[in-house]
Amino acid sequence: MNNETKNREESGEQTAENQEKLAELIKAVHHNGLTALKMHFDDVEGQVMHQKDYGPVFIYQVKDPSNNVYACGFFLGELIAKFQSGNDPSLWMSSFFVELMKTEGGRALPKPPAGEDEAKALIDKVIVPQCITALHDEFAPEKVHAGLQMHEEHGPVFEAGFPEIKDGNNVCAVPLHLLFTHLLLNRDPSELLLQGMYNIREEHSIN
């Protein structure tokens, strides 16, 4: 057996081992998510989907006493971070469903847009206005710069920043497709931008 063959075999074994570890991790995170939500809701179901750009996405469904269905999706990385944070992840996860349940009659995941026109309408009429409003409301009366920009590496991004901050980083940018994915998981896209803006304030020691 030459070195190349041996290396290929070892590489194959490593890949298989890594895939097995990932499968175990996904299974554990999925189970932990169900357990966390069952602390707050009686009827909980979950499934794992693979998203091309973001890897495993965990979709959980909760039914209210009237049997209305509410669904919300979470990313693997954020769930692992919450489960390892030492805080109560069940409160964080359940908060999304409490918010969704303000809509009477249930709220399933939105249908993905059928084509470019529908996608553009969602961006122009839902995502962009929603994000701009959330940013201005959150940081009023402070001036906030917010809108779409084109990034060399990431393509279209939503950019937000504080024009008053002159030294150092004063802008955060989130790829538009990530905001889009959040919307399709029944998550508020603006939460990513708000978090980014709070991080900027923290960097500059602004309360």
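These are my notebook entries on the aromatic pairs and on one set of strands in this structure, which is a predicted model.

**Entry 1, aromatic rings.** I searched the whole structure for aromatic pairs and found eight. I then looked at Tyr60 and Phe74, whose ring centres lie 6.2 Å apart with 55° between the planes, and I noted this pair as tilted. The pair links distant parts of the chain, since Tyr60 sits in strand β2 (residues 55-63) and Phe74 in strand β3 (residues 69-75), 14 residues apart.

**Entry 2, burial and the next ring.** I looked up the accessibility of both residues: Tyr60 has a relative accessible area of 0% and is therefore buried, and Phe74 is buried with a value of 0%. From Phe74 I went on to Trp92, where the ring centres are 5.5 Å apart and the planes stand at 55°, so I recorded this pair as tilted. Here too distant parts of the chain are linked, with Phe74 in strand β3 and Trp92 in helix α3 (residues 89-100), 18 residues apart. I noted that Tyr60, Phe74 and Trp92 form one aromatic cluster together with Phe96.

**Entry 3, strand β5.** I turned to strand β5 (residues 155-161) and found five of its seven residues buried, so the strand is largely enclosed by the rest of the structure. Strand β4 (residues 145-151) pairs with β5 in the antiparallel sense over seven bridges, and a hairpin of three residues joins β4 to β5. For Gly147, I found that the bridge partner in β5 is Glu159. I also followed β5 to strand β6 (residues 171-175), to which five bridges join it in an antiparallel run, and there Val157 stands opposite Pro175 of β6.

How values were computed: Residues are numbered from 1 along each chain as its sequence is written. This is a predicted model: local features need pLDDT of at least 70, side-chain atom pairs count only at pLDDT 80 or more; totals for chains, interfaces and linings use all residues. Side-chain values use heavy atoms; hydrogens and water are left out. Rings of Phe, Tyr and Trp (its six-membered ring) pair if their centres lie within 6.5 Å; planes under 30 degrees apart count as stacked, over 60 as edge-to-face and the rest as tilted. Helices (H or I, at least four residues) and strands (E, at least two) are DSSP runs, numbered from the N terminus. Buried means under 20% relative accessible area, exposed over 50%, partly exposed in between (1.4 Å probe, protein chains only). Two strands pair if DSSP finds at least two bridges between them.
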